[in-house]
Amino acid sequence: MSLLSVKNVTAKVAEQNILKGLNLEVNAGEVHAIMGPNGSGKSTLANILAGKPGYEVTSGSVEFEGQDISDWEPHERAHAGIFLAFQYPVEIPGVSNMEFLKASLDANAFANKREQTNAAQFIKHARALAESLDLNPDFLKRGVNEGFSGGEKKRNEILQLLLLQPRLAVLDETDSGLDIDALQVVAEGVNRFRNKDNGVVLITHYQRLLDYIVPDYVHVLADGKIVQSGDKSLALELEKKGYAWLT
Amino acid sequence: MSQSVDDLVKSNADYQAGFISNIESDTIPPGLDESVVRFISAKKGEPDWLTEWRLQAYTKWRKMTAPEWAHVHFPAVDFEAISYYSAPKDMSDGPKSLAEVDPELLRTYEKLGIPLHEQEALAGVIQSRPNVAVDAVFDSVSIATTFKDKLAEAGVVFCPISEAVHSHPELVQKYLGSVVPQSDNFYAALNSAVFSDGSFVYIPKGVRCPMELSTYFRINERNTGQFERTLIIADEGSHVSYLEGCTAPMRDENQLHAAVVELVALGDAQIKYSTVQNWYPGDENGKGGIYNFVTKRGVCAGARSKISWTQVETGSAITWKYPSVVLRGDHSVGEFYSVALTNNRQQADTGTKMIHMGKDTRSTIISKGISTGHSENSYRGLVRISPSASGARNFTQCDSLLIGDTCGAHTFPYIENSNTKAIVEHEATTSKVSEDQLFACQQRGIDPEKAVSMIVNGFCKEVFKELPMEFAVEAGKLLEVSLEGAVG
């Protein structure tokens, strides 16, 4: 059974048809890169997987570990193990990162009938993760993304990924706006995350990220459909030729 | 599919203090005239000067009209339909020892988590409010004051004001009405005429009050108003932290609560006054609830004195309340920290006045308004710098948070600066709990209800940290309960 199975999905946002028959199978242990020009539907794909309000699947099916998740609330999908690293992480003023991370961890533990991590253990773990991502441990005390730089926000997403250890990670243009140092830190985090039991969907505009996170498959999304699939060499080809020859 | 914030905004808060106690009461018939004022005064065996003082206030009130400038809408209150005195029957001969108090009354406070048995309070048997002395006011009378003896050792006077009139007449006569004059406003005048009970506190020179003081107000009887009067005097160099809490049963009709609180801080004294106000807010259609028309004011009479108001307001159908500080002493400090949450059909018009008169006086105003449902939430604040207040400084920050799109938030700041050597700063923001914030929390596994409560608590953090520790937790919980129904 595949981890994620998207079959012939059409989806609309604000009465506009964006996805027009998209298929995608992700198995455990695989990293799939989704590339494509602006407006091709990459972020829509990420949002329908996470169940964002306003993104409506009009036909086809989205299955996660064999279960149709179309009617699931976003937090129920999170509990099942779907994680979305946001393209534009939001600020939540006054709520400390620490508090937010612990609440997330506890909510997922509760939903999956696992024991809660005790506070001391949690703090130790969170600090170690922060350091591994070149984040000053002080940042855990600050409000969620409050006054963070673009790079800090993205690294915070990766910290959450590593802390929550989901089954499927969907990264929505996590590389956008990062300088090369930050990009390497983020890529290293994702590589640390990937293993034979989980899957990664890597949405990106640029080949550059794939130098650091080597995908098993590369798909090209254009006008709401996957128009070409291949291995990592496809990404290099795209870099040379652009997207025009495919659409 | 998942619900959007707007879909999630529905109503029906769970008001846990909404029960009615079955207590036999002596309640006088509705209506107000001189004989009622005399009756109340006689009931409390007051000296002539106080009876006269009340009658004077009554005469002034008769000539006044209810204020209409606040951003709230409600049918005119029929002051002839209200009963101005109600007391539990066995209390009508004045307070007795706790052992003689109707067990049903004690149960009422137990249910509300307010321990009136000192032993139990000390042992933390009922909830956890160790080291807090409580004055419990039920309808028109104070039924019990705890830890009086322990406080007396430190020279602190903490008793019902009706008792202080007899035990400390010189203090009461000197300070009653000195901060909020009888004719200050319509409701203050009414209160001055008919005030029933409330707390009296005197902290002697140089004494740091050994425990938190608190008063717990409960309206029970139908068709009664509560008109309590609180007077706190902190003598030179003394220090006190005082907290008041309020609840009322769920009733279909509106009930009036028109209190007056006066604070006096002499030189180098500090008064910290915290309120957790949870009067019944009415149902989701706006039926019932308390009209909370309250005048609270403190005067920093001496140099380097400090008065700090912290309020968490989640209750009442209508709130009209502006805890203020008159900064008369040089270098005195006034603070106002407020969280006001309105849900369903609640309306709040609240804020503060900082009147700078002394040199180098400082004031800080942090106001957080949260509106949801169909509620209206207004901040109204006055900062006045008198010509004499050289070097005065004020900082004001007003933040409004909207949940859903059927509620309103308004800010009415008034700044009157008559001194060129003063600095006044004002910052204001309005934000919405955005769908993106909610989605971000949900995506990490946090359910929408918890997410909104977390976002709102974060928004209020600057104010909560000003509350005494044990009440900060309570305020957070109260907010959570009041938000119930704000999300699905």
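**Figure 1. Secondary structure and burial in chain B of the predicted model**. Chain B contains 13 helices and 23 strands, where helices (H or I, at least four residues) and strands (E, at least two) are DSSP runs numbered from the N terminus. Of its 488 residues, 58% count as buried, a residue being buried if 20 or more other C-beta atoms, placed from the backbone, lie within 10 Å of its own. This is a predicted model in which local features need pLDDT of at least 70 and side-chain atom pairs count only at pLDDT 80 or more, while totals for chains, interfaces and linings use all residues. Residues are numbered from 1 along each chain as its sequence is written, and chains are lettered from A in the order in which they are written.

**Figure 2. The side of chain B that touches chain A**. Here 20 residues of chain B are in contact with 26 residues of chain A, contact meaning that the C-beta atoms, placed from the backbone, lie within 7 Å. Two or more residues each come from helix H10 (435-443) and helix H11 (448-459) of chain B, and H10(B) gives the largest share, 7 residues.

**Figure 3. Helix H3 (residues 97-111) of chain A**. At 1.5 Å a residue, its 15 residues should span 21 Å (1.5 Å times one less than the number of residues), and the end C-alpha atoms are indeed 21 Å apart. The buried residues of H3(A), among them Phe100(A), Leu101(A) and Leu105(A), are covered by elements including helix H2 (74-80) and helix H5 (150-164) of chain A. H3(A) is followed by Lys113(A), whose phi is positive, near 55°.

Note on methods. Contact = placed C-beta atoms within 7 Å. Buried ≥ 20, exposed ≤ 12 C-beta atoms within 10 Å, placed from the backbone.
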